[in-house]
Amino acid sequence: MTSAVLGDLRTLVLNADMQPLSWAPLSVLSWQDAFVAVMQERVIQLKTYEDVLVHSATRSHEVPAVVALKNYHKRRRVAFTRYHLFLRDEFRCQYCGNQFHAKDLTFDHVIPRSRNGASCWTNIVASCPADNLRKGNLTLEQSGMRLLRAPFEPTPHQLDAIARRSMSIREDLHRTWSDFLYWDSELEP
Ligand SMILES: [Zn+2]
């Protein structure tokens, strides 16, 4: 294993309930930070990378692949960010219902800013540029447009569920983590 590859390794961080501390984005540390946390006994090492060792002056150490917090970390409110908002709406325009890449999505104030509409979870939705333009400075009533659903402030749990659904198609997750990411996945009907 070359040092360049070693340098890129990340460590999955689980809460004390063995669920990822966060799914959106996935909670990871650089292996170096995780290694220090293990040494200081701040986290529990659950799994190490196979065939990867780092050498100190006196001995060699395994590199943590998955660690867990010792104490349950209670999660706070979801930060009001661009990514979280798109994720809440599942990258779907809330007017036409089509899905887009993040770069092709924009925001729409349901009550327009020109009418003192606030920039908050309950007044902003993901929108395609065409629908955003179509709605312009009109209210829903004036525009005759309808929302797929009323915008809401998501809980960490709700956002996790959405992120987890979309995670299965991502390829940048290390296979060492898969047991910890998927064993509790909700079963599809
Ligand atoms: Zn649209």
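This is a guided tour of a predicted model, one selection at a time.

**Whole chain.** Start with the full protein shown as a cartoon. Its secondary structure amounts to seven helices and six strands. Followed from the N terminus, the elements come in the order α-β-β-α-β-β-α-β-β-α-α-α-α. There are 189 residues in the protein, and 23% of them count as buried. Take the contacts between residues at least 6 apart in sequence: 59% of these join residues at least 24 apart.

**Colour by confidence.** Mean pLDDT for the protein is 87, with 89% of residues reaching 70 or more. Select helix H1, residues 3–8, for the lowest confidence, a mean of 66. Helix H4, residues 129–135, has the highest, at 97. Then select residues 185–189, where the pLDDT is below 50. Beyond near neighbours in sequence, that stretch has one contact in the model.

**The four-stranded sheet.** Next select strands S1 (10–14), S2 (28–30), S3 (43–55) and S4 (60–69). They form an open sheet in the order S2-S1-S4-S3, with mixed pairing. S2 and S3 are the edge strands, and each has a single partner, so one side of each has no neighbour in the sheet. From one strand to the next, the twist averages 35 degrees.

**The S3–S4 hairpin.** Keep only S3 and S4 in view. They make a hairpin, with four residues between the two strands. Their pairing is antiparallel and runs over eight bridges. Two bridges can be picked out by residue: Val54 is partnered by His61 of S4, and Gln45 by Val67 of S4.

**Helix H2.** Add residues 31–39, which are helix H2. H2 lies across S1, S2, S3 and S4, and runs at about 85 degrees to S4. Which residues of H2 are buried? Show the side chains of Trp31, Ala34, Phe35 and Val38, which are buried in this helix. These residues lie on the same side of H2, because they cover an arc of only 105 degrees around the axis. S1, S2, S3 and S4 are included in what covers the buried residues of H2. After H2, stop at Glu41, which has a positive phi near 60 degrees.

**The largest nonpolar core.** In soluble globular proteins, nonpolar side chains tend to be buried together. Here the largest nonpolar core has 15 residues, and Leu12 and Val67 touch the most other members. S1, H2 and S4 each supply at least two residues of this core. S4 gives the largest share, five residues.

Centre the view on Val67 and list its contacts, leaving out residues up to four places away in sequence. Val67 touches Thr11 and Val13; Ala34, Ala37 and Val38; and Val43, Ile44, Gln45 and Leu46. Two of the names have come up before: Ala34 and Val38 are among the buried residues of H2. Gln45 has also been met, as the bridge partner of Val67.

**A second core.** For the last stop, leave the largest core and select Leu105, Ile124, Val125 and Ala126. They are among the seven residues of another core, which lies apart from the largest one.

Notes
Residues numbered from 1 in each chain as written. Predicted model: local features only at pLDDT ≥ 70, side-chain atom pairs only at ≥ 80, totals over all residues. Buried ≥ 20, exposed ≤ 12 C-beta atoms within 10 Å, placed from the backbone. Contact = placed C-beta atoms within 7 Å. Core = buried A, V, L, I, M, F, W, Y, C linked by C-beta atoms within 7 Å. pLDDT = per-residue confidence, 0-100. Pairing = 2+ DSSP bridges. Arc of directions from axis to C-beta. Axes fitted to C-alpha atoms, helices over the stretch in contact; angles between N-to-C directions.
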